[in-house]
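Colleague: Please show me the model, and then I will ask about it.

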Amino acid sequence: MRRNLAIGAVIAVSIALAIGCVEIDSVRAQNAEASPIYGVTIPVGYRSWELIGPALEGDPLNELRAVVGNTVAMDAYRKSTLPFPDGTVLVKLAWKQTQSTEFEPASVPGAATTVQVMVKDSKKYASSGGWGFGRFINGKPADVAQHETCFACHEARVQQHDFVFTRYAP
Ligand code: HEC
């Protein structure tokens, strides 16, 4: 009887330890996918979000870009609501600008370069205009130094448009 109790206790402790490890692992996995400074992650399903507008970046990057938004973002754009409400998420996709092999004057998307995210949460991100930033390369967040540049550039140039460059393409 005493032996059974002892075995039971050992099993219970083992299970508790195992659950603890799994939980710690999942927290680590989440953190590894989140941007430094802001803790922004790539939003699920963004690839099927609506297009706000395309962009073309010249030398030296030579990229084709598309900015898409979640439903909160699209509502705000359609109603010209500024500042953007909390819950707004904007994602910029970018690809190397590549000459079409099928029709010379045409440019087509080549390799994907970055996925960039802006999340509006006026309380959490009060010190950066209400926006959290994330830049991802092959699904992994870029380093701290890159994330230190985001708000500075958006603030210097588009403060009057709630720190957002992209306008709704007609
Ligand atoms: C030197 C200026 C500059 C820096 C630094 C910069 N951006 Fe931007 N960002 C732009 C411009 C310009 C656009 C407009 C679209 C385009 O031309 O690609 C833009 C657009 C965006 C958009 C789409 C929404 C919008 O404002 O149009 C997101 C999301 C974004 N940037 C995220 C980031 C993140 C994340 C970082 C930092 C890792 C960052 N940006 C750093 C200039 C900058």
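Modeller: A residue is buried if 20 or more other C-beta atoms, placed from the backbone, lie within 10 Å of its own, exposed if 12 or fewer, and partly exposed in between. This is a predicted model, where local features need pLDDT of at least 70, side-chain atom pairs count only at pLDDT 80 or more, and totals for chains, interfaces and linings use all residues. Residues are numbered from 1 along each chain as its sequence is written.

Colleague: What percentage of the 170 residues of the chain count as buried?

Modeller: The burial cut-off is 20 or more C-beta atoms within 10 Å. Applied to the 170 residues of the chain, the share that counts as buried is 22%.

Colleague: Which element gives the most residues to the largest nonpolar core?

Modeller: Such a core is a set of buried Ala, Val, Leu, Ile, Met, Phe, Trp, Tyr and Cys residues joined through C-beta atoms within 7 Å. This one has 25 residues, and Leu90, Val91, Trp131 and Phe133 touch the most other members. Helices (H or I, at least four residues) and strands (E, at least two) are DSSP runs, numbered from the N terminus. With 5 residues, the element that gives the most is strand 3.

Colleague: How many residues of the shell around the ligand are charged?

Modeller: Asp, Glu, Lys and Arg count as charged, Ala, Val, Leu, Ile, Met, Phe, Trp, Tyr, Cys and Pro as nonpolar, and the others, Gly among them, as polar. The ligand is surrounded by 21 residues (C-beta atom, placed from the backbone, within 6 Å). In this shell 10 are nonpolar and 7 polar, and the number of charged residues is 4.
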